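In this notebook I keep a record of what I looked up in one structure, entry by entry. I begin with the sheet, then turn to the salt bridges, and end with the pockets.

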Amino acid sequence: MAGVLERIHRAHRPAFHSLTPKQARIAYLMGAEILDLPRAPLPRVENLSVPGAEGELSARLYAPSDARLPVLLFFHGGGFTIGSIETHDSLCRQLALRSGAAVISLDYRLAPEHKFPAAVDDCWVVMKWLASAAESLGLDGTRIAVGGDSAGGTLAAVSALHARDIGLKLALQLLITPGTTAHADTPSHKLFANGFLLDAASIAWFFDHYIAHNHKRDWRFAPLEADDHCDLAPACVLLAECDPLVDEGVAYADLLRANGNEVELELVRGVTHDFIKMGRSIPEAITALETCAQAIKKALNP
């Protein structure tokens, strides 16, 4: 991991907070698969148009076979401001290939063009749509999970809360290095503020584009703030030790468990945020992919 950070430093990659959102999206896209595994071939990869909260959205379906498969609805990371189907294509292919489930990756609306709660609204609408539309895609609408990394992990967590509230039974919430608190004020935010890939200035830049300060206690942004965490889908929470978000990830896993939910917590030592997308360079990324895949397989094929 230290070697990867040194190579990134020598490449003089500009910090996201030094760029405009458009520039940052391009930079993230250009670098997204340099460290990631090559895109694995799959028998079925289809671009979809799905109904969002305010119009059609793009999505991509990945399936390791043409069978009637259970499905993971995946929300990409990127601080609600950057990231796309393309930046997370390899990750979604790996999850589908290793788990045996279908994966649908969603291009939800991004800030600052679409501020909070636009991304949440899109994820909720598509999740509800998928429960009824899965059969038309040749998928099993009775076996659905949600998942995501970073900001996508936050969206998956709040989607699991919403699913419970509307009576939609999910098999799993897969939370990869999620954000869960309102104000980025845990000790790990100070300890890993600089030099560990995701720095404090970029976190502030993401959030300033996405949400007004007075809305940050809203549980749709900070799921730790929700009033009720009972009766939620089983959770697999995957965290990185050297990540500003690690403390809030642990806190959320603890809160879920304390409220009677089934929780698998994996804390990967010695790695930073976004490590799961570094399979070319870090063996822990491969192990983490397998952990996620086994959790999906276990939950969707009981």
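**Entry 1: the sheet.** Before looking at any pair I wrote down the rule I needed, that two strands pair if DSSP finds at least two bridges between them. I also noted that the model is predicted. With that rule in hand I looked up strands E5 and E6 (residues 172-176), and I found 5 bridges joining them, with the two strands running parallel. One of the bridge partners I noted is Ile-176 in E6, which is matched with Asp-149.

I then asked in what order the strands of the open sheet follow one another. The open sheet has 8 strands in the order E1-E2-E4-E3-E5-E6-E7-E8, and the pairing is mixed. Strand E1 (44-52) and strand E8 stand at the edges with a single partner strand each, so one side of each has no neighbour in the sheet. From one strand to the next, I noted a twist that averages 20°.

**Entry 2: salt bridges.** My search of the whole structure gave 23 salt bridges, and I wrote up several of them.

I looked first at Glu-135 and Arg-68, whose closest N and O atoms are 2.8 Å apart. Glu-135 sits in the loop between helix H4 (118-133) and strand E5 (139-149), while Arg-68 sits in the loop between strand E2 (55-63) and strand E3 (69-75), so that the bridge links distant parts of the chain, 67 residues apart. Glu-135 counts as partly exposed because its relative accessibility is 42%, and Arg-68 is also partly exposed, at 46%.

Next I looked up Glu-290 and Arg-98, whose side chains meet in a salt bridge at 3.0 Å, N to O. Glu-290 belongs to helix H9 and Arg-98 to helix H3 (residues 89-99), so this pair ties together parts that are 192 residues apart in sequence. The relative accessible area is 31% for Glu-290, which is partly exposed, and 23% for Arg-98, which is partly exposed.

Is Asp-140 buried or exposed? I had noted its salt bridge with Arg-143, where the closest N and O atoms are 2.6 Å apart. Asp-140 is buried, because its relative accessible area of 5% falls under the 20% cut-off. Its partner Arg-143 is partly exposed, at 23%. I also recorded one network, in which salt bridges that share partners join Glu-33, Arg-39, Arg-60, Glu-86, Asp-89 and Arg-93.

**Entry 3: pockets.** The largest pocket has a volume of about 1100 Å³. It is lined by 48 residues, and the closest to its centre are Arg-13, Phe-16, Leu-197, Leu-198 and Asp-274. The elements that give two or more residues to this lining are helix H1 (2-10), helix H2 (21-31), helix H5 (151-166) and helix H7 (200-210), and H1 gives the most, with 5 residues. By type, I recorded 26 nonpolar, 15 polar and 7 charged residues in the lining of the largest pocket.

For the second largest pocket I noted a volume of about 180 Å³. Its lining includes Ala-171, Cys-236, Glu-262 and Lys-298. Strand E7 (235-242), strand E8 (263-272) and helix H9 (283-300) each supply at least two lining residues, and H9 gives the most, with 3 residues. Which kinds of residue make up the lining of the second largest pocket? I recorded 8 nonpolar, no polar and 3 charged.

Definitions and conventions
Residues are numbered from 1 along each chain as its sequence is written. This is a predicted model: local features need pLDDT of at least 70, side-chain atom pairs count only at pLDDT 80 or more; totals for chains, interfaces and linings use all residues. Side-chain values use heavy atoms; hydrogens and water are left out. On a 1 Å grid over the protein atoms alone, a cavity is a set of points where a 1.4 Å probe fits but cannot get out, and a pocket is an open set with protein on both sides within 12 Å along at least five of seven lines; lining residues have an atom within 4 Å of a point. Grid points are joined across faces, edges and corners, and a volume is the space filled by probe spheres set on the points. Helices (H or I, at least four residues) and strands (E, at least two) are DSSP runs, numbered from the N terminus. Ala, Val, Leu, Ile, Met, Phe, Trp, Tyr, Cys and Pro count as nonpolar, Asp, Glu, Lys and Arg as charged, and the others, Gly among them, as polar. A salt bridge is a side-chain nitrogen of Lys or Arg within 4 Å of a carboxyl oxygen of Asp or Glu. Buried means under 20% relative accessible area, exposed over 50%, partly exposed in between (1.4 Å probe, protein chains only). Axes are lines fitted to C-alpha atoms, for helices over the stretch in contact, and angles run from 0 to 180 degrees between N-to-C directions.
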